[in-house]
Structure formats: C-alpha cells, structure tokens
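Welcome, and please take a moment to turn the model around before reading on. The paragraphs below walk through it one region at a time.

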Amino acid sequence: MKVIAVVGTKKTGKTTLVEALVRSLAKHGKVGTVKNMVDHPVDRGDTKRHFDAGADVVIGLGEARLLVRRDRGDLESALAELEREGMDYAVVEGFKHSSLFKIVMADIEVPNMVRRVRLPEVDEDLVAELAEMVRGMEDYKTAG
C-alpha cells in the first residue's frame with residue numbers, strides 16, 4: 001500500500017487536496033483515508049448519546065458504514081487496518097509529526113516533506129502529478 005500524508009495548518013486546503021488526490025488515485029486502485037481529528041471530537045449528537053449509554057463502538061449504517069470507537073487508536077493501527085482491507089493507497093490528512101512522506105500546505109517545517117503546495121496551485125495537472133508521485137512510491141510497511 002502506498003501512503004502519503006497531507007499536512008498543514010488550519011484552513012490551508014488540506015481537505016481539498018485530499019479529496020482531489022483520492023479521486024485521482026481511485027482511478028488506479030482502492031483508496032482509504034485517515035484523518036487526524038484531535039480538534040474535532042466525534043463524541044457529539046447521537047454518537048455521544050450512544051457512548052454516554054456505555055457503548056464502546058458505534059456503527060452507523062446508511063449509504064455507507066461508519067465505525068466510531070471510544071478508544072483513540074493510533075496512526076499505525078489505522079494504516080494496518082486499511083492494509084488488511086486491501087487498500088492500494090492511503091491518503092492521510094494531518095499527523096505532521098509522523099514519519100510518513102508528506103505534502104505540506106503551509107509555511108511549516110516537518111520531517112519527510114516531499115512537496116510544498118499552496119491551495120491556489122491545486123489544479124487538475126498538479127493533482128495528476130502528485131498522484132503519479134504517490135503511485136511511484138515504495139509500499140509502506142506497517143508494524144502489523
């Protein structure tokens with residue numbers, strides 16, 4: 001599985017680029033995503049009510065299936081889960097301090113930066129170029 005992270009500060013276009021990369025990579029295989037949600041608690045609304053009642057896992061079914069666990073988990077286990085699910089690509093939003101290769105969308109310095117991108121530069125050609133870069137990466141090795 002090839003893995004790339006898109007990192008930056010708030011409101012720099014991370015999600016916009018992740019969406020575009022997912023669309024492009026999906027033409028070449030199965031794509032999974034991981035989003036760092038430290039500042040976005042999922043314990044709200046009905047999910048919070050289920051957790052407050054004592055549930056450890058909440059599964060939402062509809063047009064898609066959403067699994068929410070009470071435990072925080074970590075990036076490595078999330079990537080291992082995507083790998084077990086047979087994903088060819090994983091696009092990670094956030095986790096700027098991880099050891100993953102990163103596309104950076106802000107004026108920050110992070111380890112393993114492979115490209116710096118500004119939101120106004122994001123167009124079809126750039127996304128295709130970035131997707132090709134990801135497709136050419138070595139497979140990520142999870143610990144599990």
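Is R116 buried, partly exposed or exposed? R116 counts as partly exposed, because its relative accessibility is 25%, and the range for that class lies between under 20% for buried and over 50% for exposed. Keep in mind as you look that this is a predicted model.

R116 is a good place to start, since its side chain meets that of E109 in a salt bridge, with 3.1 Å from N to O. Its partner sits in another class: E109 counts as exposed because its relative accessibility is 68%. Side chains of opposite charge can pair when their charged atoms come close.

Now look for a second pair, D107 and R118, which form a salt bridge whose closest N and O atoms are 2.7 Å apart. This pair links distant parts of the chain, eleven residues apart: D107 is in the loop between β6 (102-104) and β7 (113-116), while R118 is in the loop between β7 and α4 (124-135). D107 is exposed, because its relative accessible area is 66%. R118 has a relative accessible area of 33%, so R118 is partly exposed.

For a third pair, move to helix α4. There R135 forms a salt bridge with E132, and the closest N and O atoms are 2.6 Å apart. Both residues lie in α4, three residues apart, which is about one turn of the helix. R135 is partly exposed because its relative accessible area is 31%, and E132 is also partly exposed because its relative accessibility is 45%. In total, the model has six salt bridges.

Next, turn to the strands β3 and β4. Strand β3 covers residues 57-61 and β4 covers residues 65-69; the two run antiparallel and are joined by five bridges. To see one pairing in detail, find V58, whose bridge partner in β4 is V68. Between the two strands, three residues make the connection of a hairpin.

This hairpin is also a good place to look at the surface. V57, I59, L61 and L67 make a nonpolar surface patch of about 360 Å². Strand β3 gives the largest share of the patch, with three residues. Take I59, which lies in β3: I59 counts as partly exposed because its relative accessibility is 42%. In a regular strand the side chains alternate between the two faces of the sheet.

From the surface, let us go to the interior. V3 lies in strand β1, which spans residues 2-7. V3 counts as buried, because its relative accessibility is 3%. Which residues does V3 touch, leaving aside those up to four places away in sequence? They are L79, A90, V92, L100, M137 and Y140. The fold also brings V3 and Y89 together: these residues are 86 apart along the chain, yet their C-alpha atoms are separated by 5.8 Å.

One of the contacts of V3 is L79, and L79 leads us to helix α3. This helix covers residues 75-84, and its buried residues are L75, L79, A80 and L82. Seen down the axis of α3, these buried residues fall within an arc of 160°, so they line one face of the helix. They pack against three strands, namely β1, β2 (31-35) and β5 (89-93). Just after α3 comes G86, which takes a positive phi of about 85°.

Positive phi values also turn up in residues other than glycine, and two of them are worth finding in the loops. One is K11, with phi near 60°. K11 is placed in the loop between β1 and α1 (14-25), and K11 is exposed because its relative accessible area is 83%. Another is N112, with phi near 65°. N112 lies in the loop between β6 and β7, the loop that also holds D107. N112 counts as partly exposed because its relative accessibility is 35%.

Technical notes: Residues numbered from 1 in each chain as written. Predicted model: local features only at pLDDT ≥ 70, side-chain atom pairs only at ≥ 80, totals over all residues. Heavy atoms only, no water. Patch = residues over 30% accessible without salt bridge, like charges linked within 9 Å, V, L, I, M, F, W, Y side chains within 5 Å. Areas by Shrake-Rupley, 256 points an atom, 1.4 Å probe, with all protein chains shown as cover. Salt bridge = Lys/Arg side-chain N within 4 Å of Asp/Glu carboxyl O. Helix = DSSP H or I, 4+ residues; strand = E, 2+ residues; numbered from the N terminus. Buried < 20%, exposed > 50% of the residue type's maximum accessible area, 1.4 Å probe, protein only. Pairing = 2+ DSSP bridges. Contact = heavy atoms within 4.5 Å. Arc of directions from axis to C-beta.
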